[in-house]
Amino acid sequence: MPDFGGKSNARGASLGLTSMAIFATHDVIIKHLGQTYSPVQIVFFAALLSFPLLSVILLNDKRGGSLRPVHPGWVAGRVFTTVVTGLCAFYAFSTLPLAQVYPLLFAMPLLVTVFSIPILGEKVGIHRWAAVILGLIGVVIVVRPGQADLAPGHFAAMTAAVTGSLASVIVRKIGSEERSVVLLLSPLLGNVIVMAILLPFVWQPLQIGDLGLMAVIAIFGLTASFLQILAYRAGEAAIVAPMQYSQILWAVFYGWIIFHESVDIPTLVGAGVVILSGIYIVIRETRVSENQPVLRTRGRSETVTAPRSSLLGRVLGLRARNSRS
């Protein structure tokens with residue numbers, strides 16, 4: 001593969017910011033389509049249109065081997081959690097203000113830290129535990145139970161954070177033994193099959209322009225994931241990882257300009273608490289801990305349009321710094 005340049009934290013941060021800007025635009029299109037179509041229908045066509053693009057990428061994996069999983073139980077669990085993550089995230093983006101969705105999804109690094117203990121047997125010290133607790137308090141500030149009306153979208157976003165974290169930890173559990181093709185292809189097929197079963201119950205006549213937007217979702221998701229690979233290849237994970245929090249700025253901007261959404265103070269305060277907690281965990285993992293579940297998660301929750309960047313990079317032969325799935 002070609003060399004995309006030397007190691008540069010500034011370049012890595014720039015690529016990371018660009019990736020997150022594309023992801024934010026990807027989410028805006030989901031929200032727009034969600035005013036007309038069920039998340040089931042959006043996920044189905046996004047998955048279907050992602051299939052040929054991802055298949056071309058997977059042809060780069062020249063290593064022999066069967067598509068039969070080494071750990072079928074864990075792979076099935078990853079398919080289930082990835083399907084739920086995508087469906088819930090798409091629903092949350094469709095029904096909630098953008099600036100409320102992101103802080104809830106930003107809880108994922110906190111939950112990755114927690115789930116890495118029973119599943120991976122990793123040790124978490126008191127400092128990271130304190131950051132996790134503080135971050136979850138930030139989530140409570142955003143949703144304000146008892147003071148604001150909790151919508152199904154809030155529960156969907158929190159569910160997406162939980163299942164996205166589990167999917168990420170499962171990859172860490174089995175990633176060194178399973179073929180990347182298996183780990184990338186199985187959630188895609190799972191989404192197509194599950195959504196095809198549910199589709200007749202929610203079907204709305206599809207406009208050709210909206211089908212084109214679903215194709216854009218697929219293209220943007222893969223493009224942003226590829227830029228994430230280059231970002232982690234160019235710079236240190238501790239520099240690139242916090243770039244995901246720039247999505248909250250895009251959420252405020254897009255929400256105001258396109259959807260006429262306002263952002264209240266509790267949402268901003270809660271988002272700030274969650275972001276600071278996540279950044280502290282990244283710093284702690286970088287400087288102190290040998291266990292680095294968050295740094296190795298590399299970015300957003302995995303959905304059908306946004307495959308895990310570390311796996312995608314492995315197929316493409318683009319290794320990130322300190323790369324381990």
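Two rings of Phe, Tyr or Trp count as an aromatic pair if their centres lie within 6.5 Å, and a pair with planes over 60 degrees apart is edge-to-face. Keep that handy for the exercises below, which work on a predicted model.

**Exercise 1.** Work out what kind of aromatic pair F44 and F45 form.

*Solution.* Start wide: searching the whole structure turns up eight aromatic pairs. Now zoom in on F44 and F45, whose ring centres are 5.1 Å apart, with 85° between the planes. An angle over 60 degrees means edge-to-face, so that's the label for F44 and F45. Next, check burial, where the cut-off is under 20% relative accessible area. F44 comes in at 11%, so it is buried. F45 has 13% and therefore counts as buried too.

**Exercise 2.** Find out how helices α9 and α13 are oriented to each other, and which residues make their contact.

*Solution.* First, grab the geometry: the axes of α9 (residues 208-234) and α13 (residues 309-316) come within 9 Å and cross at roughly 80°. Angles from 65 to 115 degrees count as roughly perpendicular, so that's how α9 and α13 sit to each other. Then list the residues: α9 brings S225, F226, Q228 and I229, while α13 brings S309, L312, G313 and L316. Finally, sort them by type: four are nonpolar, four polar and none charged.

**Exercise 3.** Decide whether helix α4 is largely enclosed or not.

*Solution.* Count the buried residues of α4 (residues 98-105): eight of the eight, so the helix is largely enclosed by the rest of the structure. Y102 is one of those buried residues. Follow Y102 a step further and you land in an aromatic cluster with F93, F106 and Y245.

Notes
Residues are numbered from 1 along each chain as its sequence is written. This is a predicted model: local features need pLDDT of at least 70, side-chain atom pairs count only at pLDDT 80 or more; totals for chains, interfaces and linings use all residues. Side-chain values use heavy atoms; hydrogens and water are left out. Axes are lines fitted to C-alpha atoms, for helices over the stretch in contact, and angles run from 0 to 180 degrees between N-to-C directions. Helices (H or I, at least four residues) and strands (E, at least two) are DSSP runs, numbered from the N terminus. Angles under 35 degrees count as roughly parallel, over 145 as roughly antiparallel, 65 to 115 as roughly perpendicular and the rest as oblique. Contact means heavy atoms within 4.5 Å. Ala, Val, Leu, Ile, Met, Phe, Trp, Tyr, Cys and Pro count as nonpolar, Asp, Glu, Lys and Arg as charged, and the others, Gly among them, as polar. Buried means under 20% relative accessible area, exposed over 50%, partly exposed in between (1.4 Å probe, protein chains only). Rings of Phe, Tyr and Trp (its six-membered ring) pair if their centres lie within 6.5 Å; planes under 30 degrees apart count as stacked, over 60 as edge-to-face and the rest as tilted.
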